[in-house]
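Welcome to a short tour of one protein chain, from its packed interior to its open spaces and a few unusual spots in the backbone. Take a moment with the sequence and the coordinates before reading on.

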Amino acid sequence: MQYIVRDAKEEELFHVTAHGHYYANGYKGCSEGCPFCYWESIPGWHGKIEIWQNIPQLLDKALESWPKDRYLYLGSFSNPYEVEVESKYHVTREMLKVIIKHGNPVCISTSTSLVLSDMDLLKQLPQGSVIVMELVRFKRLKALYEGGVHEGIYAARELKRNGIKVWATLAPFCPGITDVEKVLEALGSDIPLYVDALDAPKGSLQAQLVLRDVERDFPALLPKYREMIETNSRKDFEEMVNQLGSRICRFPFPLP
């Protein structure tokens, strides 16, 4: 993995989604390598992470003119708690200090337990803030099924135990790989679990990568995934939703 430290330009501070959500990223890139990630289609995405060291300063200036009730999101095309970079550069930690200063509620999405290292600041976040733990990482799910500890579920439970609002996502749902009931059991009934279907259109890079990883790690499921991608089927997902009913939530998150 190549690491590039640079200052971000002002226009790089916010990534605004089609829903009008403002995301701020201290990093660009991710080492998780999830095959279904839509950012995989970005040219030059693979193999590098950019550390935008001046983002806290840019954010501080921008939030001066923000309405205090406008949500800020962290973690669109990056993991705010990318272990290798956040442990060294602490850009996300400095962003949290700025957010606490200005009082805007924040939604932070991450997949690693490094988020627990900022527990002192997380307890000071403005009312309405929430941490979203992303649980669909094949190796971590496999560890859970084999009786081990799922890092994301562990972090979610610790956040909840410390009085911090936390949700979890199991997205995308991957039939035969994501055992939603086992995840619900480990997560507990007091943490909402959001689910969504696999989005890997036929011919897309995501489809190629999903089939590659399924063939490598779950070869018996390869014919099923080939057919599912070929037909763009959501049958397994809808059956799972109907079966589990109120125990799970559907996207999108209920935030402004």
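What follows is a report on the cores, the pockets and cavity, the cysteines and some backbone details of this predicted model.

## Nonpolar cores

A good place to start is the interior. The largest nonpolar core has 78 residues. Within this core, Leu-122, Leu-159 and Leu-193 are the residues with the most contacts. Setting aside residues up to four places away in sequence, Leu-122 touches Tyr-81, Leu-96, Ile-108, Val-115, Ile-131, Leu-159 and Ile-164. Leu-159 therefore appears twice if you read these lists together: as a contact of Leu-122, and as one of the residues with the most contacts in the core. Another core, of eight residues, lies apart from the largest one, and its members include Tyr-23, Tyr-71, Trp-167 and Tyr-194.## Open spaces

The table sets the two pockets and the cavity side by side.

| Space | Volume | Lining residues by class |
|---|---|---|
| Largest pocket | about 1400 Å³ | 23 nonpolar, 13 polar, seven charged |
| Second largest pocket | about 270 Å³ | five nonpolar, one polar, eight charged |
| Largest cavity | about 130 Å³ | eight nonpolar, two polar, three charged |

Which residues sit closest to the centre of the largest pocket? Of the 43 residues in its lining, they are Tyr-23, Tyr-38, Glu-134, Ala-171 and Phe-251. Tyr-23 also belongs to the core of eight residues. Three strands, β8 (130-134), β9 (166-173) and β10 (193-197), each supply at least two residues of this lining. Of the elements, β9 gives the most, with three residues.

The second largest pocket has a volume of about 270 Å³. Its lining is made of 14 residues, and Glu-32, Gly-33, Arg-137, Phe-138 and Lys-139 are the closest to its centre. Here the elements that give two or more residues are α5 (138-145) and α8 (205-217). The largest share, four residues, comes from α8. By class, eight residues of this lining are charged, five are nonpolar and one is polar.

How many cavities of 30 Å³ or more does the structure hold? There is one. This cavity is lined by 13 residues, and those closest to its centre are Leu-198, Asp-199, Met-228, Ser-233 and Arg-234. Helices α9 (222-231) and α10 (235-244) each supply at least two residues of the cavity lining.

## Cysteines

The count of disulfides comes to zero. Why does Cys-30 not form one with Cys-34? The two sulfur atoms are 6.3 Å apart, and this is too far for a bond because a disulfide needs cysteine sulfur atoms within 2.5 Å. Cys-34 also holds the closest cysteine sulfur to that of Cys-174, but at 9.8 Å this too is too far for a bond. Cys-174 has a relative accessibility of 2%, so it counts as buried.

## Backbone details

A cis peptide bond joins Ala-171 and Pro-172, with omega at about 5 degrees. Pro-172 has its place in strand β9, the strand that gives the most residues to the lining of the largest pocket. Ala-171, on the other side of that bond, is among the residues closest to the centre of the largest pocket.

Two residues other than glycine are worth a look for their positive phi. His-90 has a phi near 55 degrees and lies in the loop between α2 (83-89) and α3 (91-102). With a relative accessible area of 35%, His-90 is partly exposed. For Asn-232, phi is likewise near 55 degrees. Asn-232 is placed in the loop between α9 and α10, the helices that each supply at least two residues of the cavity lining. Is Asn-232 buried or exposed? Asn-232 has a relative accessible area of 58%, so it is exposed.

## A buried aspartate

The last stop is Asp-118, found in the loop between β7 (106-110) and α4 (119-122). Asp-118 is buried, with a relative accessible area of 2%. What does Asp-118 touch, leaving out residues up to four places away in sequence? Its contacts are Tyr-81, Glu-86, Arg-93 and Leu-96. Tyr-81 and Leu-96 are also touched by Leu-122, one of the residues with the most contacts inside the largest nonpolar core.

Technical notes
Residues numbered from 1 in each chain as written. Predicted model: local features only at pLDDT ≥ 70, side-chain atom pairs only at ≥ 80, totals over all residues. Heavy atoms only, no water. Core = buried A, V, L, I, M, F, W, Y, C linked by side-chain atoms within 4.5 Å. Buried < 20%, exposed > 50% of the residue type's maximum accessible area, 1.4 Å probe, protein only. Contact = heavy atoms within 4.5 Å. 1 Å grid on protein atoms, 1.4 Å probe; cavity = no way out; pocket = protein on both sides within 12 Å on 5 of 7 lines; lining within 4 Å. Points joined across faces, edges and corners; volume = space filled by probe spheres on them. Nonpolar A, V, L, I, M, F, W, Y, C, P; charged D, E, K, R; others polar.
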